[in-house]
Amino acid sequence: MPDDVILETKGLTKEFKGFVAVQNVSLSVRRGSIHALIGPNGAGKTTCFNLLSHFLEPTRGQILYNGREITGLSPAGIARMGLVRSFQISAVFPHLTVLDNVRIALQRKRGGSFDFWRAGGVLDELNAKARELIESVGLAELESAAAVELPYGRKRALEIATTLALDPEMMLLDEPTAGMAQQDVERISALIKKAAVSRTVLMVEHNLSVVEHLSDRITVLQRGEILAEGDYKTVSANPEVIQAYLGAGHG
Amino acid sequence: MPRSQKIALGVMAAFFLLAPLVVYPVFLMKAMCFALFACAFNLLIGFGGLLSFGHAMFLGTAGYGAAHAAKVWGFPPEFAILFGTAAAALLGLVTGLLAIRRQGIYFAMITLALAQMMYFFYLQAAFTHGEDGIQAVPRGMLFGFIDLANVWAMYSTVFAIFMAGFLLIYRVIHSPFGQVLKAIRENEQRAISLGYDVDRYKLLAYLLSATLAGVAGATKTLVFQLASLTDAHWSMSGEVVLMTLLGGLGTVFGPVAGALIIISLENYLAQLGAWVTIVQGVIFVICVLTFRRGVIGEIGNWLRKPL
Ligand SMILES: Nc1ncnc2c1ncn2[C@@H]1O[C@H](COP(=O)(O)OP(=O)(O)O)[C@@H](O)[C@H]1O
Ligand SMILES: [Mg+2]
């Protein structure tokens, strides 16, 4: 595998009781790029993410991360290697404060999380870094609010701040801007762009203007299979892609 | 510790120090043992989100362990308690490894099944003396010079153990470990995706809970000088659920209040015979319907302060 490929899958397949959700997907993500995975609803994008992060066991196929086979690792182990995912439904710790949400991620990097005899105060050393991250996603004045009380767009921002707290080498973002107001979409896009300067991003995204502006490369998935691949221009001119999108009535 | 909890801690300590002036000390010692038991249980469900329906096995095992050590082997009380606790911890490790991978109701069912197995073992094993239990367990001399036959010496010992256990649980809840535990309870998938091996954290929580439940069981055995099947029975596992819910799941002081309420009910309603269970059930239903956060949970919510 060439050095500039960070993540590669070979013949990745997932079957659910005879139904094939992901079929023979061979994907290759270049280091430092923003790679978009698009396709109509039910195409198997989220399932792909679940396979890459090993939240689901692939039926067949291989996943290589930094040239190393990770197909059999535990999901937490994959995260610790620097490949961190987010979720399609926003994933925060609802009854923890914004600050505590980010601290949980920082705490994992810090270590010592089995220390049940130590006072929680030892974690205060993480506050400065946590606040910096919270500030960077525009939540500074909300740090002591419970995550559950945030509006949807802000929750997604918090989720990204939490993911960034791990300083992952590669992020998997599942529909980071779905269901957001335009202003939030812009904020999140800018955030992803900034985050991607020093890392790789693979993201599922329905908002095609976001895809156009952010991604270096696009893979189109349909019914579990790769339909097309290339930069925005190539992909958007592909008649099969246009057909798939129009056919599914999706934009 | 927030001010509201400092005050509550002071009130609780003062209560257990002054109450023996007007209430039977044996009753209060029983209440403290059950309070510690409920706090240990609450550590698991209230902060780890794991509903064990077999916690009686730890209470019972530690009780039998301590009783056997004190009576048959002649262990001094401190070592009898340690031995009983160690037995509960070991059982916690073994059952934890079997149960922890299961989720929700399956976890509850496995812990119940394991606890039933332990119950039948204690029913059959010779050393437990079946229905009679291990009776006339000597309280002995604590550290070789404090005679626990004296009720005040015993009372002070139970008080010290209870407070130490309570404060340890408080520390665990607020430790870096406790923070991860809360995150897992809040959103397990997210905790995994951040790189936490959640099963290991759950196992440690389960182990700590089992061990502290063991401390309660071993101490209780010395108080009553008796280890019996009652402590290992499934209804005891149910009772601790009741105490915790009634007092306030996931609150710090709730389980103590819940234990006090349930023990008082049993005590003062004892003349009603078999009706106790029914009265308890009715009170429980009323409580759950009217204050769902539990007594302490509701008070805390009303004061807008953590308790
Ligand atoms: N756990 C599951 N069991 C059975 N079918 C599933 C499961 N998860 C996803 N699917 C099916 O797999 C297909 C792909 O789903 P998904 O990956 O969520 O699509 P996308 O994210 O592209 O919208 C859908 O038809 C969905 O119903
Ligand atoms: Mg999806």
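**Exercise 1.** State how much area chain B and chain A bury between them, and which three residues of chain B supply the most.

*Solution.* Start with the total. Chain B and chain A bury about 2,600 Å² between them. Buried area is the accessible area (1.4 Å probe) that two parts lose on being put together, summed over both. Carbon and sulfur atoms carry 64% of it. Next, take the residues. Pro176(B), Arg190(B) and Leu194(B) supply 26% of the area that chain B buries against chain A, more than any other three residues.

This is a predicted model: local features need pLDDT of at least 70, side-chain atom pairs count only at pLDDT 80 or more, and totals for chains, interfaces and linings use all residues. Residues are numbered from 1 along each chain as its sequence is written, chains are lettered from A and ligands numbered from 1 in the order in which they are written, and side-chain values use heavy atoms, without hydrogens and water.

**Exercise 2.** Find the salt bridge across the interface of chain B and chain A.

*Solution.* Apply the rule: a side-chain nitrogen of Lys or Arg within 4 Å of a carboxyl oxygen of Asp or Glu. One salt bridge results. Asp197(B) and Arg80(A) form it through their side chains, at 3.0 Å, N to O.

**Exercise 3.** Identify the atoms of Gly42(A), Ala43(A) and Thr47(A) that approach oxygen atoms of ligand 1.

*Solution.* Check the backbone. A polar backbone atom of Gly42(A) is 2.8 Å from an oxygen atom of ligand 1. For Ala43(A), a backbone N or O atom lies 3.2 Å from a ligand 1 oxygen. Then check the side chain. Thr47(A) places a side-chain N or O atom 2.5 Å from an oxygen atom of ligand 1.

Conventions: Polar contact = N/O pair within 3.5 Å; in protein donor to acceptor, adjacent residues only side chain to side chain.
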